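Here are a few exercises to work through with the structure open beside you. Try each task before reading its solution.

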Amino acid sequence: MSEIVVTPALDARRLREDFPVFDRTFCGKSLAYLDSANSSQKPRQVLDAMRRFYESSYANVHRAVYELGERSTAGYEGAREKISALVNAASTREVIFTRNGTEALNLVAYAWGLDNLGPGDVAVSTALEHHSNFVPWQYIAKRCGAEFAVVPIDGQGELALESLAEIEKRGRVKVLACALISNTLGTICPVTELAAWAHEREAILVADACQAVPNRPVDVQELGCDFVAFTGHKMLAPSGIGVLWGREELLRRMAPYELGGSMIRKVTEKATTWADLPYKYEAGTPPIAEAFGLGHAADYLRDVGLDAIERYERELTGYALERLAELPYVTVLGPPLERRGGIVSFDVDGVHPHDVAQLLDYAGIAVRAGHHCAQPVMDHFGLGATTRASFYLYNLPEEIDRLVEGLAEVHARFA
Ligand SMILES: Cc1ncc(COP(=O)(O)O)c(C=O)c1O
């Protein structure tokens with residue numbers, strides 16, 4: 001009989017104590033940080049681990065024979081093992097450290113795209129994407145003489161999948177680039193089905209998991225995609241570190257992305273050969289302490305339980321949708337709770353999102369205002385910008401109450 005393991009509900013009040021930022025006040029108020037989809041706050045466990053690493057184990061990696069260098073290399077490679085386990089990669093060779101999510105996605109677009117796209121081919125992205133999984137494909141397709149196509153979205157901000165039938169009439173679909181969760185609307189996309197659709201056409205699926213790996217279990221083998229990109233700074237780790245997971249057979253066949261130190265096997269005046277995976281894609285001195293911090297962030301997430309984080313985020317999001325529905329001048333964009341991550345973008349009638357965010361800041365509430373690096377989404381709704389609240393493991397329901405009260409004050413002031 002299989003045993004179902006359920007992680008107990010998380011205790012956000014206790015977890016919050018791990019985050020030094022919440023000991024401080026902003027604009028004289030305690031901080032309601034509702035901007036984790038932008039970047040998360042960092043727990044002491046990660047900050048302390050990085051400090052200890054710099055104090056006792058830091059040197060360059062993969063090139064020192066002395067003990068300090070060996071410790072540093074062990075810390076860096078240990079982080080790769082932790083990340084590999086976090087997303088259930090088949091091998092650490094499939095886990096490449098980059099500087100951020102954007103670099104991970106550009107790596108695929110350049111290293112795979114330049115050699116695999118040409119006239120008659122179609123590179124497909126979606127109207128929901130962050131620019132990082134849209135612009136590189138638009139650009140590389142153009143450079144290669146291929147077509148660039150976009151899966152549109154419907155009124156709820158969900159992918160209009162029926163458009164794929166029209167898209168494939170435009171040529172050979174070679175790549176489909178899609179987010180697991182939209183950073184703007186929170187839409188959860190059916191990436192596994194899309195990967196199957198792509199594979200039936202011998203195309204690849206490039207998944208942007210920047211908004212998923214921080215807050216739910218992501219198993220790259222179960223997902224069925226070919227590449228999965230994510231970023232450290234949204235998952236409790238420092239900025240300056242991202243991850244590209246890729247299928248080993250594809251990574252082996254692809255050309256390198258950046259060239260120089262650490263990624264070579266042999267260099268002569270005549271020719272250069274490449275290092276083994278994953279080093280072929282890690283040119284130059286990597287983000288060493290950042291990777292170490294990311295490994296500790298993965299430990300923290302595992303200890304709390306990603307399924308518990310996912311459930312808690314859903315509760316908070318459900319509560320936010322309910323409370324925001326009480327405000328007739330607030331229009332929430334995006335899908336229903338069942339198909340939404342912990343992200344709520346909205347429009348406040350007659351008030352520019354920058355004014356909304358500025359006034360909320362005076363009340364100690366941090367939200368994001370802008371186009372969220374997703375201008376095609378804004379175009380779809382005929383808006384220049386939205387206000388976005390996003391939730392994470394350290395948020396509390398009363399912060400959502402503060403947001404709702406704050407919005408009522410903003411509206412009263414502008415009305
Ligand atoms: C869905 C998504 N993709 C990609 C990125 C880019 O990640 P990074 O800021 O690490 O380059 C972001 C960051 O906002 C994002 O939300």
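**Exercise 1.** How do α4 and α5 lie with respect to each other: roughly parallel or roughly antiparallel?

*Solution.* Keep in mind throughout that this is a predicted model.

Step 1: Find the two helices, α4 at residues 101–116 and α5 at residues 135–144. Their axes are 10 Å apart, and the helices pack at an angle of about 20 degrees.

Step 2: Apply the cut-off, by which angles under 35 degrees count as roughly parallel. α4 and α5 are therefore roughly parallel to each other.

Step 3: Add the handedness, which is right-handed for the crossing of α4 and α5.

Step 4: Look at the side chains that meet. α4 brings Leu105, Asn106, Ala109, Tyr110, Gly113 and Leu114, while α5 brings Pro136, Trp137, Ile140 and Cys144. By type, the residues of this contact are eight nonpolar, two polar and no charged.

**Exercise 2.** Describe how α3 and α10 cross, and sort the residues of their contact by type.

*Solution.*
Step 1: Locate α3 (residues 67–86) and α10 (residues 288–304), whose axes come within 8 Å and cross at roughly 40 degrees.

Step 2: Classify the angle: it makes α3 oblique to α10. The crossing of α3 past α10 is left-handed.

Step 3: Pick out the contact. On the α3 side, the residues include Gly75, Ala79, Lys82 and Ile83; on the α10 side, they include Ala291, Phe292, Asp299 and Arg302.

Step 4: Sort the contact of α3 with α10 by type: nine residues are nonpolar, four are polar and three are charged.

**Exercise 3.** Which strands stand at the edges of the seven-strand sheet?

*Solution.*
Step 1: Write down the strand order of this open sheet, which is β4-β10-β9-β8-β7-β5-β6, with mixed pairing.

Step 2: Read off the ends. β4 (95–98) and β6 (147–151) are the edge strands; each has a single partner strand, so one side of each lacks a neighbour in the sheet.

Step 3: Consider the twist: on average, neighbouring strands of this sheet are turned by 20 degrees against each other, direction ignored.

**Exercise 4.** Trace the pairing from β6 through β5 and β7 to β8.

*Solution.*
Step 1: β5 and β6 run parallel and are joined by five bridges. Here serine 125 is opposite valine 150 in β6.

Step 2: β5 (residues 121–126) also runs parallel to β7, with four bridges between them. Valine 122 has valine 173 in β7 as its bridge partner.

Step 3: β7 pairs with β8 (residues 204–208) in the parallel sense over five bridges. Cysteine 178 lies opposite alanine 207 in β8.

Step 4: Check burial: in β7 (residues 172–179), seven of the eight residues are buried.

Note on methods. Residues numbered from 1 in each chain as written. Predicted model: local features only at pLDDT ≥ 70, side-chain atom pairs only at ≥ 80, totals over all residues. Axes fitted to C-alpha atoms, helices over the stretch in contact; angles between N-to-C directions. Parallel < 35°, antiparallel > 145°, perpendicular 65-115°, else oblique. Left-handed = near helix turned anticlockwise from the far one by under 90°. Contact = placed C-beta atoms within 7 Å. Nonpolar A, V, L, I, M, F, W, Y, C, P; charged D, E, K, R; others polar. Buried ≥ 20, exposed ≤ 12 C-beta atoms within 10 Å, placed from the backbone. Pairing = 2+ DSSP bridges.
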